[in-house]
Amino acid sequence: MSGGSIPPLDPHVAARKGFREAEDRIKRFWKTVAVEPGEGGWRVLLDGRSPKTPVGHALTLPTEATARLVADEWTAQGEHLDPATMPATRLASTAIDRIPMARTETAEEIARYAGSDGLCYFADGPESLIARQQAEWGPWLDWADRDLGVRLIRAEGIGHVAQPPESLIRVRDLALDLDDFALTGLATAVGLFGSAVLALALQRGALSGEVAFDLSRLEEAHQESQWGVDAEAAQRTANRRAEAGLLEQWFGALGAA
């Protein structure tokens, strides 16, 4: 392998392929992982050379802390590259390759989530669940109104309620105010939580990833308490909880000096 950089390794494609045969998987070819300041930010280095994003851009992060999050994933790889264990690398690649050309579309999608924000749809029963939602969701809807200028209307049941257009415009503008890396994290968090309010609270450090995730699944947790949960569902929940924790680390690292 010649030159000063490592060719693109696309963890997205790898994940889609599934790699049923071990020989199809990308073998670990590096021994050392480091980070160093470079043009435009901090670079991750594998044996002194920089890997590329799937599109072929330099894998350059805005802060040393974000670079170390990515570097730690490369360090932790075993004999073969496992894309499923590299969420920070995926966030970085998305922020570099995709978001710059789709900032407006991404912000508008986040605003659409706010238009049907999960925190606005209170259950119509049982009373124990309604009381818990009111106690735990209500303060965050109040926070969004007070601190963000995003007033959202509460509903009961699953019937759609139109939200104030000015609130959705405000959500879009808050998203557009972010840099590409924070916008990537916000869009990921919105999809994970089904709530722009929870995603914005996490991005701003008002909520931890674990608390935001628990708030996003109050009804699911209530159902589990009534009917139990199987091992497969428990694993999916654990994976999503871990993703929420990674997003908390991501936003914290973006704010690190």
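Q: Which residue's side chain does the side chain of Arg241 meet in a salt bridge?
A: This is a predicted model, in which local features need pLDDT of at least 70, side-chain atom pairs count only at pLDDT 80 or more, and totals for chains, interfaces and linings use all residues. Residues are numbered from 1 along each chain as its sequence is written, while side-chain values use heavy atoms, with hydrogens and water left out. A salt bridge is a side-chain nitrogen of Lys or Arg within 4 Å of a carboxyl oxygen of Asp or Glu. At 2.7 Å, N to O, the side chain of Arg241 meets in this way that of Asp214.

Q: How many residues apart are Arg241 and Asp214?
A: Helices (H or I, at least four residues) and strands (E, at least two) are DSSP runs, numbered from the N terminus. Arg241 lies in helix α11 (residues 231-254) and Asp214 in helix α9 (residues 209-216), so that the pair links distant parts of the chain, and the two are apart by 27 residues.

Q: What is the relative accessibility of Asp214?
A: Buried means under 20% relative accessible area and exposed over 50%, with partly exposed in between (1.4 Å probe, protein chains only). Its partner Arg241 counts as partly exposed because its relative accessibility is 26%. Asp214 likewise counts as partly exposed, because its relative accessibility is 30%.

Q: How many salt bridges does a search of the whole structure find?
A: Side chains of opposite charge can pair when their charged atoms come close. One such pair is that of Arg43 and Glu36, whose side chains meet at 2.2 Å, N to O. In the whole structure, the number of salt bridges found is 15.

Q: What separates Arg68 and Glu64, in terms of helical turns?
A: The side chains of Arg68 and Glu64 meet in a salt bridge at 2.9 Å, N to O. Arg68 is partly exposed, with a relative accessible area of 42%, and Glu64 is partly exposed too, with 27%. Because the two residues are 4 residues apart in helix α2 (residues 64-76), what separates them is about one helical turn.

Q: Which residues of α6 meet those of α4?
A: Two packed helices are described by the angle between their axes and the distance between the axes. Helix α4 (residues 103-115) and helix α6 (residues 165-176) pack at about 140° with axes 8 Å apart, where axes are lines fitted to C-alpha atoms, for helices over the stretch in contact, and angles run from 0 to 180 degrees between N-to-C directions. Contact means heavy atoms within 4.5 Å. Arg103, Thr104, Ala107, Glu108, Ile110, Ala111, Ala114 and Gly115 in α4 meet, in α6, Leu168, Val171, Arg172, Ala175 and Leu176.

Q: How are α3 and α11 placed to each other?
A: Angles under 35 degrees count as roughly parallel, over 145 as roughly antiparallel, 65 to 115 as roughly perpendicular and the rest as oblique. The axes of helix α3 (residues 87-97) and α11 come within 10 Å and cross at roughly 55°. The two helices are therefore oblique.

Q: Which residues of α11 make the contact with α3?
A: On the side of α3, the contact is made by Pro87, Ala88, Leu91 and Ala92, and on the side of α11 by Leu246, Leu247 and Trp250.  The residues of this contact divide into 7 nonpolar, no polar and no charged, with Ala, Val, Leu, Ile, Met, Phe, Trp, Tyr, Cys and Pro counted as nonpolar, Asp, Glu, Lys and Arg as charged, and the others, Gly among them, as polar. The α11 residues asked for are thus Leu246, Leu247 and Trp250.

Q: Is Phe213 buried or exposed?
A: Phe213 has its place in helix α9. Not counting residues up to four places away in sequence, Phe213 touches Phe193, Thr237, Arg240, Arg241 and Ala244. Because its relative accessibility is 0%, Phe213 counts as buried.

Q: What is the omega of the peptide bond from Gly125 to Pro126?
A: Pro126 has its place in the loop between β6 (121-122) and α5 (127-148). The peptide bond that leads to Pro126 from Gly125 is cis, with omega near -5°.

Q: What is the phi of Asp47 near?
A: Asp47 has its place in the loop between β3 (41-46) and β4 (50-51), and it is partly exposed, with a relative accessible area of 35%. Its phi is a positive value in a residue other than glycine, near 50°.
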